[in-house]
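Got the viewer open and a selection box ready? Here is a walk through the model, one stop at a time.

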Amino acid sequence: MIQALNTPSEGKVQQGIVYALTRMALKRQAPHRSVVTKATHAGDVQSGQLGDVRVLEVEKVLVVYEVKAFSLDQAAVDRI
């Protein structure tokens, strides 16, 4: 898993992993919720969607994940 997360892929591999893990967890805990993702490198404005991976209940957005192709340290998180 760590090797896959560290694969240089401009976020493509990482976004797929976030999607798959989220979908797997929700399938067990809340099968009525859906997980959707958008094309990698599609900006929020271009796609009309916030974030890269979203959890929905019907049409209501419950959780949004923004996947990055680089590591974030605490200083970067604090700036965001």
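Start by selecting Val61, which sits in strand E3, residues 60-65. This is a predicted model, so keep a confidence colouring to hand as you go. Show the side chain of Val61 as sticks: the residue is partly exposed, at a relative accessible area of 37%. Now add Leu50 and Val64 to the selection. Together with Val61 they make a nonpolar patch on the surface, and the three have about 250 Å² of accessible area between them.

Next, go to Val55. What does Val55 touch, once residues up to four places away in sequence are set aside? Val61 is on the list, along with Lys60, Leu62 and Val63. The other contacts of Val55 are Thr22, Leu26, Arg33, Ser34 and Val35.

Keep Val55 selected and bring in Leu26, Ala30, Val35, Val53 and Val67. That set of six residues is the largest nonpolar core. Show it as spheres, then fade the rest of the chain. For context, 22% of the 80 residues in the protein are buried.

Arg33, one of the residues that Val55 touches, is the next stop. Which residue forms a salt bridge with Arg33? Select Glu57: the closest N and O atoms of the pair are 2.9 Å apart. The two ends come from distant parts of the chain, 24 residues apart, with Arg33 in the loop between helix H2 (12-29) and strand E1 (34-37) and Glu57 in strand E2, residues 53-57. Are these two buried or exposed? Neither quite: Arg33 is partly exposed at 33% relative accessible area, and Glu57 is partly exposed too, at 27%. No need to hunt for others, as the salt bridge count comes to one.

From Glu57, step along to Val58, in the loop between E2 and E3. Check its backbone: phi is near 60°, a positive value in a residue that isn't glycine. Val58 is exposed, with a relative accessible area of 69%.

Now for a couple of long-range pairs. Select Ser9, in the loop between helix H1 (2-5) and H2. Is Ser9 buried or exposed? Its relative accessible area is 14%, so Ser9 counts as buried. Add Ala69 and draw a distance between the C-alpha atoms: 7.3 Å, for residues 60 apart along the chain.

Then pick Lys68, in the loop between E3 and helix H4 (74-79). Lys68 is partly exposed, with a relative accessible area of 37%. Its partner for this stop is Lys12: the two are 56 residues apart in sequence, yet their C-alpha atoms are 9.2 Å apart in space. To put such pairs in context, look at contacts with a separation of 6 or more: residues 24 or more positions apart account for 28% of them.

Zoom out and switch to cartoon. You should find four helices and three strands, running α-α-β-α-β-β-α along the sequence. Turn on the surface as well: the protein exposes about 5900 Å², with carbon and sulfur atoms supplying 57% of that.

Last, colour by pLDDT. Where is confidence lowest, and where is it highest? Helix H3, residues 44-47, is at the bottom with a mean of 66, while E2 comes out on top at 94. Across the protein the average pLDDT is 81, and 82% of the residues score at least 70. Where pLDDT is low, the predicted coordinates should not be read in detail.

Conventions. Residues are numbered from 1 along each chain as its sequence is written. Side-chain values use heavy atoms; hydrogens and water are left out. Patches are made of residues with over 30% relative accessible area and no salt bridge: like charges are joined within 9 Å, nonpolar side chains (Val, Leu, Ile, Met, Phe, Trp, Tyr) within 5 Å. Accessible areas come from the Shrake-Rupley method with a 1.4 Å probe; for residues, only the protein chains shown count as cover. A salt bridge is a side-chain nitrogen of Lys or Arg within 4 Å of a carboxyl oxygen of Asp or Glu. Buried means under 20% relative accessible area, exposed over 50%, partly exposed in between (1.4 Å probe, protein chains only). A nonpolar core is a set of buried Ala, Val, Leu, Ile, Met, Phe, Trp, Tyr and Cys residues joined through side-chain atoms within 4.5 Å. Contact means heavy atoms within 4.5 Å. pLDDT is the predictor's confidence in each residue, from 0 to 100.
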